[in-house]
Amino acid sequence: GDMEGSAKKTVMIATAMFHAKTYGNYPAGTAILSCVAEGLRLPIDAAFDVEKRYCVSVLLNPVARSMVRTLSLDLEAAKKGARRPPTIGRLSLDCIGVIGAGLMGGGIALEAARSGLRVVVIDRSIEDARKVHDYVQRYFDRQIKRNRATQEQCDAIKSKIEPHSDYARLEPAQIVIEAVFEDRHIKAQVSRSAEAHTSSETVIASNTSTLPITGLAEAVDDPEKFIGLHFFSPVERMALVEVIRGEQTNEKTLAYALDLVARMGKVPVVVNDARGFFTSRVFGTYITEGIGMLTEGVSPALIEQAGRISGMPMPPLALADEVGLGLMHQVGVQTKADLGDAYKDNAATPVLNELVVNCGRTGKNGGCGFYDYHESGKKTLWPGLVERFKTAKFQPDVEHLIQRFLSIQALESVRCIEQGVMIEAADIDYASIMGWGFAPHTGGPLTMIDTIGVPEFVARCDSLAAIYGNRFDPPQLLRNLAKQGLKLRP
């Protein structure tokens, strides 16, 4: 009767909405909707049989196994301190210091205070330091508007955060995190001041996304107690924290840093020191690959569509605008200066140069980048892209672009194991999904390679390398596994 008509319509709309969001990457949702659609037409016992069959099909599908292993088992192990040195007693934390009251400093202070810690915030002047209270107020204003918090709760958090300009106030802090501008000299200066005003036991941590920790540790007298704590922005929304061991960071410092991350309710991933650490480095390959496609004549709209369908949370050009084209260009210039002759331009370099230097388009914060940002809040791809990077007559298959996006990230993840940047394979999978939203339906880059099959993946990359060059060359580690018939994550 009529009931079936309205139910059918609801199911059809739900199915369309689900596919628009997930592009068919999540079999469980599809199965649930199919159960409902078919079950409506059947007697209850037959409907239960249909449900059983769908349930089994989802369980046998590699997506379920991959997601359960990475997002339940591995993630829980990380939260429980799987990488914490077991011989060192827990640190009973009550006070931390944060240097820099900007976006990162504000977010770290807010999250630490919400976990019950006292936070001493230092900046150049007391006015600058007080900006941390504005940050907290802005965060709570949004929560209060949604009836998720009260002004009393906001005031309670603010009372735990003490803004100062005098480094002597850091004295009670057990861990001090500097979150100042990405500049070696400024970071060295504040780290030295923090060490001079705290106890010999106090851990000094740097919130940096690109500068090698071992180099930053040279600024302090005791590099054993220096560590990297790379929080992601916005801190209150991002669960992952990269914990970076410098060459001299000792076990106690690592354990205490992990205690703080756990106390703040974040998920740690322990990384050895190398340029770009783990997340910035692997995630960077996705953006670079997308930007580089422009120079091959791939249509900007197709690049973005392939990024969406691949299961990534944002398409690459839109993401580049969020990160900031000016910043990416600047990092390239800095890296070139640091590495000298060893530096090689990547596929994105000429495009960033053209947009930033020649067109003054620096990204979303600068008002325009790959996209134009309109007053209505909408954004559209900048028409000038097609003029500057001529769109080729024949466009590649979207599936081919998806393979490139996911394969390039997976290859870089394997290089991180081969080079000893990542200690544990399991960490790579959950950190990729938590850190930058690597296609969750795959269970992470390494699980994805295992699901495809290591020999098949190597063959795929060899054929990509033949077209696009050595960035797709499979690392020796993968070739060896393929020969031995082994997996990355048995």
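In the predicted model, the two partners of one charged pair, Glu 289 and Arg 404, are both buried. Their side chains meet in a salt bridge with an N to O distance of 2.9 Å. This pair links distant parts of the chain, since Glu 289 belongs to helix α11 (residues 279-295) and Arg 404 to helix α17, 115 residues apart. The two residues also take part in a network of salt bridges that includes Glu 296 and Arg 471.

A search of the whole structure finds 30 salt bridges. One of them joins the side chains of Arg 361 and Asp 372 at 2.6 Å, N to O. Here too the pair links distant parts of the chain: Arg 361 lies in the loop between α15 (349-358) and β9 (371-373), whereas Asp 372 lies in strand β9, eleven residues apart. Arg 361 and Asp 372 are each buried. A further salt bridge is formed by the side chains of Lys 336 and Asp 345, with an N to O distance of 3.9 Å. Lys 336 has a relative accessibility of 43% and therefore counts as partly exposed, as the limits for this class are 20% and 50%. Asp 345 has a relative accessible area of 48% and is likewise partly exposed.

Helix α17, which carries Arg 404, spans residues 398-418. At 1.5 Å a residue, the 21 residues of this helix should span 30 Å, and the 30 Å separation of its end C-alpha atoms agrees with that expectation. Because 15 of its 21 residues are buried, α17 is largely enclosed by the rest of the structure. Just after the helix, Gly 420 adopts a positive phi of about 75 degrees.

The nonpolar interior was examined next. In soluble globular proteins, nonpolar side chains tend to be buried together. The largest nonpolar core contains 87 residues, of which Ile 99, Phe 278, Ile 291, Phe 370 and Leu 478 touch the most other members. Helix α17 contributes the largest share of this core, nine residues. Apart from this core lies another, of 44 residues, among them Leu 91, Val 119, Val 136 and Met 264. When residues up to four places away in sequence are not counted, Ile 291 touches Leu 317, Ala 320, Met 328, Ala 348, Val 351, Leu 352 and Phe 370.

Pro 445 is located in helix α19 (residues 445-452). Its relative accessible area is 0%, and the residue is therefore buried, the limit being under 20%. With residues up to four places away in sequence again left out, Pro 445 touches Ala 410, Ser 413, Ile 428, Asp 429, Ser 432 and Phe 438. The C-alpha atoms of Pro 445 and Gly 284 are separated by 14 Å, although their positions lie 161 residues apart along the chain when counted as sequence separation.

Nonpolar side chains also occur at the surface. Ile 32, Val 36 and Leu 40 make a nonpolar surface patch of about 250 Å². Of these residues, Val 36 is placed in helix α2 (residues 27-39). Val 36 has a relative accessible area of 38% and is thus partly exposed.

Technical notes:
Residues are numbered from 1 along each chain as its sequence is written. This is a predicted model: local features need pLDDT of at least 70, side-chain atom pairs count only at pLDDT 80 or more; totals for chains, interfaces and linings use all residues. Side-chain values use heavy atoms; hydrogens and water are left out. A nonpolar core is a set of buried Ala, Val, Leu, Ile, Met, Phe, Trp, Tyr and Cys residues joined through side-chain atoms within 4.5 Å. Buried means under 20% relative accessible area, exposed over 50%, partly exposed in between (1.4 Å probe, protein chains only). Helices (H or I, at least four residues) and strands (E, at least two) are DSSP runs, numbered from the N terminus. Contact means heavy atoms within 4.5 Å. Patches are made of residues with over 30% relative accessible area and no salt bridge: like charges are joined within 9 Å, nonpolar side chains (Val, Leu, Ile, Met, Phe, Trp, Tyr) within 5 Å. Accessible areas come from the Shrake-Rupley method with a 1.4 Å probe; for residues, only the protein chains shown count as cover. A salt bridge is a side-chain nitrogen of Lys or Arg within 4 Å of a carboxyl oxygen of Asp or Glu. The expected span of a helix is 1.5 Å times one less than its number of residues.
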